[in-house]
Every structure is written in structure tokens, then in C-alpha cells.
Amino acid sequence: MSASLQGRIALVTGASRGIGRAVALELARAGAHIIALARTQGALEELDDEIRAAGGQATLTPCDIKDFDALDRLGGAIFQRWGKLDILVGNAGVLGPVTPLGHIEPKQWDDVFAVNVTANWRLIRSLDPLLRASEAGRAVFISSGVAHTAETRPYWGPYAASKAALEALARTYAAETKNITPVRVMIVNPGPLRTKMRALAMPGENPLTLRTPEDLAPKIAEICAPEWTSTGKLYDFPQDSVLSFSAPA
Ligand code: NAP
């Protein structure tokens, strides 16, 4: 059972399936009100049904996360309704093209960066005052091990570069909030989990050999709780450990 998140307001991006859906359900079961963002309205409605059946509450935000003006409006709407945001889970992501760097179309590159990086910056920009207004604001960004092991994954260039950029963004936000606010910012590496994205990335793999988003979700709920204290660090699910970043010598 997760730590209590009773009464907390949580925005989860990419909540329509995979890791985001499992995290949204886990946070809702722990008592949080979920603001669920993704493009697929039907899947969000199914999530809403499941959250209600578990006794929880959700507000659906069907939108493309590349609609940055909508992210600004979302900040305004959260302010109007709650005056604060307790939890941001920046999970929505795309794999992008798996192909040599020289073969990638500029629009494909831009789309991957728009979803995996710029949208998370626009969320920080829109929601930072609301996270600071919470007595224990928590921001969690879902990265990938490939941010640190790009040399093992030729052809995954946009994804690897975007996740490395996402981590630098999250670490910058952690540094900006660490000493002067209660906001805590974590990066999570899920490792290989049984989702649509993983099946796209590794079509030959037997998904039944992988752990599931539901296995990871309780840990993310723990990181979202007021009791969590680390910031600017990486939680690595495969090792179940919190890792610090160190500067090159
Ligand atoms: P997934 O099953 O493909 O789910 C991706 C989610 O992101 C969906 O809810 C999707 O919703 C949303 N999304 C994508 N583009 C969007 C857009 N333009 N606007 C709004 N929402 C958008 O992938 P997943 O495996 O759960 O991945 C979740 C996160 O974990 C990603 O950041 C991924 O990079 C990371 N990750 C996953 C693994 C793994 O093994 N699964 C490993 C390492 C890291 P709609 O399509 O409904 O919009």
C-alpha cells in the first residue's frame, strides 16, 4: 500500500496507458485527485471509470502536450480551482524514429523534443508557482536509462538526446527550488516495462518477460508523498536505488 496522498492534487501526463495510467491509478487509490492528461479521450474516460470505482476522483484533460498554450491555460485552470498543485508527474513521452541520425527528418526530431523536453519545460513554467504554493510540491520526470547509455543504442538518437535533455532540465529545476522552497524534483528510470512503447522499441521481445507499470507505480507514489526528501536525483527502478549525479573530474 502506498503512502497516503489524501487530498493531494496530482497532474499526470500520458495518463491514457502504460506507466502514466498505472501511476494515475496508484496515486488515486492513495487519495490524490488526478488531473489526467493525454490525447486519447476514450482511454482517459476508461481511466476515470476505474478511478471512480476505486473511490477516487479525476479531472480529464484531453489535449496534445505539444499544444503549449493549452499547458499555460491548464496552469490557470488549476490555480482557479485549487490555488496550488501538489504533484506533477511528467511522464508523456514518445520513442520517435529509430534510424541513423542522418536519416531523420527535421520534423520528426522536433516532435520528439517537443513532447519529451519542451512540454516538460512548459509545464514547469506554467506550474512552478502552483507547486511552490503547495506545502510539499513534488515533481517527477520519467526518463530512460538510454540518457546515460546512448553508446549502446545506435539509431535511438532523438530519444536518447531528448531524455538526456529532460534530465538536465529536471536537475536545473531541482537546483532552483532546493534551498528556498519545499519543492522536490526527481528523475525516474523505469527500466524495461511492459508497455506499448517498449513493444514498439523491441518488437522481438517477449513482453511477458518484463515487469509491468503496476510494479513501478507504488514507488512513484512514494516519491510523490510529502515525506519524500531527496531532490535532483535519479531513482533507478531496475536497481531500486536513488543515485546522485557526479561532475566529471
Ligand atoms: P506508452 O505506453 O507509449 O504511453 C505514452 C503515453 O504518453 C500515452 O499515455 C500517450 O497518450 C502519451 N503521449 C504521447 N504523446 C503525447 C502527446 N503528444 N500529447 C499528450 N500525450 C502524449 O509509453 P510508456 O512506456 O508508458 O512510457 C511512459 C514514459 O516512460 C515515457 O516518457 C517513456 O519514455 C518512459 N520509459 C518507458 C520505458 C518502458 O520500458 N516502457 C522505459 C524507459 C522509459 P496518447 O497517445 O493518448 O496521447
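Trainee: How many salt bridges does a search of the whole structure find?
Mentor: This is a predicted model. A salt bridge needs a side-chain nitrogen of Lys or Arg within 4 Å of a carboxyl oxygen of Asp or Glu. Searched as a whole, the structure gives a count of 13.

Trainee: Which residue forms a salt bridge with Arg52?
Mentor: Look within helix α2, residues 41–53. The partner sits four residues from Arg52, about one turn of the helix. The closest N and O atoms are 3.2 Å apart, and the partner is Asp48.

Trainee: Is Asp48 buried or exposed?
Mentor: Buried means under 20% relative accessible area. Asp48 has a relative accessible area of 11%. That value falls under the cut-off, so Asp48 is buried.

Trainee: Asp72 forms a salt bridge with Arg125. How many residues apart in sequence are the parts that this pair ties together?
Mentor: The closest N and O atoms of Asp72 and Arg125 are 3.8 Å apart. Asp72 lies in helix α3 and Arg125 in helix α4 (residues 106–133), so the pair ties together parts whose separation in sequence is 53 residues.

Trainee: What is the relative accessible area of Arg125?
Mentor: Take its partner too: Asp72 counts as partly exposed at 29%. Arg125 is also partly exposed. Its relative accessible area is 49%.

Trainee: Which residues are linked with Lys84 in a network of salt bridges?
Mentor: Start with the pair Lys84 and Asp86, whose closest N and O atoms are 3.1 Å apart. Asp86 is buried, with a relative accessible area of 0%. The network links Lys84 with Arg8, Asp86 and Glu135.

Trainee: Arg184 is buried yet has no salt bridge. Why?
Mentor: Arg184 lies in strand β6, residues 184–189. A salt bridge requires the N and O atoms to be within 4 Å. The nearest side chain of opposite charge is 11 Å away, so no bridge is counted; that side chain is Asp128.

Trainee: How far apart in space are Gly76 and Leu127, C-alpha to C-alpha?
Mentor: Gly76 lies in helix α3, residues 68–82. Gly76 is partly exposed, at 34% relative accessible area. Gly76 and Leu127 are 51 residues apart in sequence, while their C-alpha distance is 8.7 Å.

Trainee: Which residue has a polar side-chain atom 2.5 Å from an oxygen atom of the ligand?
Mentor: The ligand is surrounded by 31 residues. Backbone N or O atoms also approach it: one of Ile65 lies 2.8 Å from a ligand nitrogen, and one of Gly191 lies 3.3 Å from a ligand oxygen. The side-chain atom at 2.5 Å belongs to Thr195.

Terms used:
Residues numbered from 1 in each chain as written. Predicted model: local features only at pLDDT ≥ 70, side-chain atom pairs only at ≥ 80, totals over all residues. Heavy atoms only, no water. Helix = DSSP H or I, 4+ residues; strand = E, 2+ residues; numbered from the N terminus. Buried < 20%, exposed > 50% of the residue type's maximum accessible area, 1.4 Å probe, protein only. Lys, Arg positive; Asp, Glu negative; His and termini not counted. Near = heavy atom within 4 Å. Polar contact = N/O pair within 3.5 Å; in protein donor to acceptor, adjacent residues only side chain to side chain.
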